[in-house]
Amino acid sequence: MNKLVIVALGNQNAGKSTTWHTLFKRKVKTGKKERSLDLSKTERASVFLINGSPEETKISVSERLRDQNPNIVLCSIQYIEDAKKTIDYFIDHEYQFFVHWLNPGFHDENGVEDIFGFESYILRDGESQFFIKNGRENLERRVAEMNEFLYSWAKKQKLLYPSKNA
């Protein structure tokens, strides 16, 4: 697979948007095209960000991406049964998943079981990764883990280019 979707999965107000703000080191919104993301002091990659989850905004991934075919998508997905449509889009378009399920999320009282079976559904390709993370703890470490995975994946795929600061 030469396409990757990095997912922040969680309930409403779990910390999905905060994940992307921290990764970009600034407040970011869903865009209409790919943008540059610094992954190290000297290298960056082009990514497409879907900050408001398709389940919350009622705008599907296919509508967001239109005729674009990005190699890397960062996507918020709300943990509801309807999220299977979003997950299916990425499966159908042959994306590898790297998921942080914020469980419990920042505003959740307790964690929950995976009643929709998303973990096993996503992991069935044998290449994807799925992690359960406490949305109230270790934001910087969690985002650094995403960044490290994204950097190594993009490097392997030869998708890195010099940072403006390089």
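**Chat about a predicted model**

Reader: Starting with a pair I spotted: where do K84 and D88 both lie, and how many residues apart are they?

Author: Both sit in helix α4, residues 84-92, and they are four residues apart, or about one turn of the helix. Keep in mind that this is a predicted model.

Reader: Noted. What do the side chains of K84 and D88 meet in?

Author: A salt bridge, at 3.2 Å from N to O. K84 has a relative accessible area of 35%, so it counts as partly exposed. D88, in contrast, is among the buried residues of α4.

Reader: Which other residues are buried in α4?

Author: T86, I87, Y89 and F90 are buried there along with D88.

Reader: And what do the buried residues of α4 pack against?

Author: Quite a list: strands β1 (3-10), β4 (72-78) and β5, plus helices α2, α3 (61-65) and α5. Once α4 is over, you reach E94, which has a positive phi near 60°.

Reader: Back to salt bridges. How many does a search of the whole structure find?

Author: Four. One of them joins the side chains of E56 and K16, at 3.8 Å from N to O. That pair ties together distant parts of the chain, with E56 in helix α2 and K16 in helix α1, 40 residues apart.

Reader: Is K16 buried or exposed?

Author: Buried, because its relative accessibility is 5% and the cut-off for buried is under 20%. Its partner E56 comes out at 32%, so E56 counts as partly exposed.

Reader: Any company for K16 in α1? Which residues are buried in that helix?

Author: Helix α1 covers residues 16-24, and besides K16 the buried ones are T19, W20, T22, L23 and F24. Just past the helix comes K25, with a positive phi of about 65°.

Reader: What about K85, which side chain does it meet in a salt bridge?

Author: D82, at 2.9 Å from N to O. K85 is exposed, given its relative accessible area of 60%, while D82 is partly exposed, at 38%.

Reader: New topic. D108 bugs me. Where does it lie?

Author: D108 is in the loop between β5 (95-102) and α5 (118-123).

Reader: What's the nearest side chain of opposite charge to D108, and how far away is it?

Author: That would be R136, 6.8 Å away. D108 is buried but has no salt bridge. A salt bridge would need a side-chain nitrogen within 4 Å of a carboxyl oxygen, so a gap of 6.8 Å is out of range.

Reader: OK, so which side chain does D108 make a polar contact with?

Author: The side chain of N11, at 3.1 Å. Leaving aside residues up to four places away in sequence, D108 touches N11, L102 and R136.

Reader: Anything odd in that loop, say a cis peptide bond? Which residues does it join?

Author: N103 and P104: the peptide bond between them is cis, with omega near 5°. P104 also has its place in the loop between β5 and α5.

Reader: And how does β5 run relative to β6?

Author: The two strands run parallel, and five bridges join β5 to β6, residues 129-133. The chain goes from β5 through α5 to β6, and this β-α-β crossover is right-handed. One bridge pairs V99 with F130 in β6.

Reader: Switching again: S53. Why does it count as buried?

Author: Because S53 has a relative accessibility of 0%. S53 is in the loop between β3 (43-50) and α2 (54-57). With residues up to four places away in sequence left out, S53 touches S76, I77 and Q78.

Reader: How far apart are the C-alpha atoms of S53 and F116?

Author: They are separated by 17 Å, for residues 63 apart along the chain.

Reader: Last one. What phi does N13 have, given that it is not a glycine?

Author: A positive one, about 65°. N13 is in the loop between β1 and α1, and its relative accessible area of 55% makes it exposed. K58 also has a positive phi of about 65° without being a glycine. K58 lies in the loop between α2 and α3 and is exposed, with a relative accessible area of 66%.

Note on methods
Residues are numbered from 1 along each chain as its sequence is written. This is a predicted model: local features need pLDDT of at least 70, side-chain atom pairs count only at pLDDT 80 or more; totals for chains, interfaces and linings use all residues. Side-chain values use heavy atoms; hydrogens and water are left out. Buried means under 20% relative accessible area, exposed over 50%, partly exposed in between (1.4 Å probe, protein chains only). Lys and Arg count as positive and Asp and Glu as negative; His and the chain ends are not counted. A polar contact is a pair of N or O atoms within 3.5 Å; within protein, one must be able to donate a hydrogen and the other to accept it, and residues adjacent in sequence count only if both atoms are side-chain atoms. Contact means heavy atoms within 4.5 Å. Two strands pair if DSSP finds at least two bridges between them. A crossover is right-handed if, with the strands pointing away from the viewer, the path from the first strand over the helix to the second runs clockwise.
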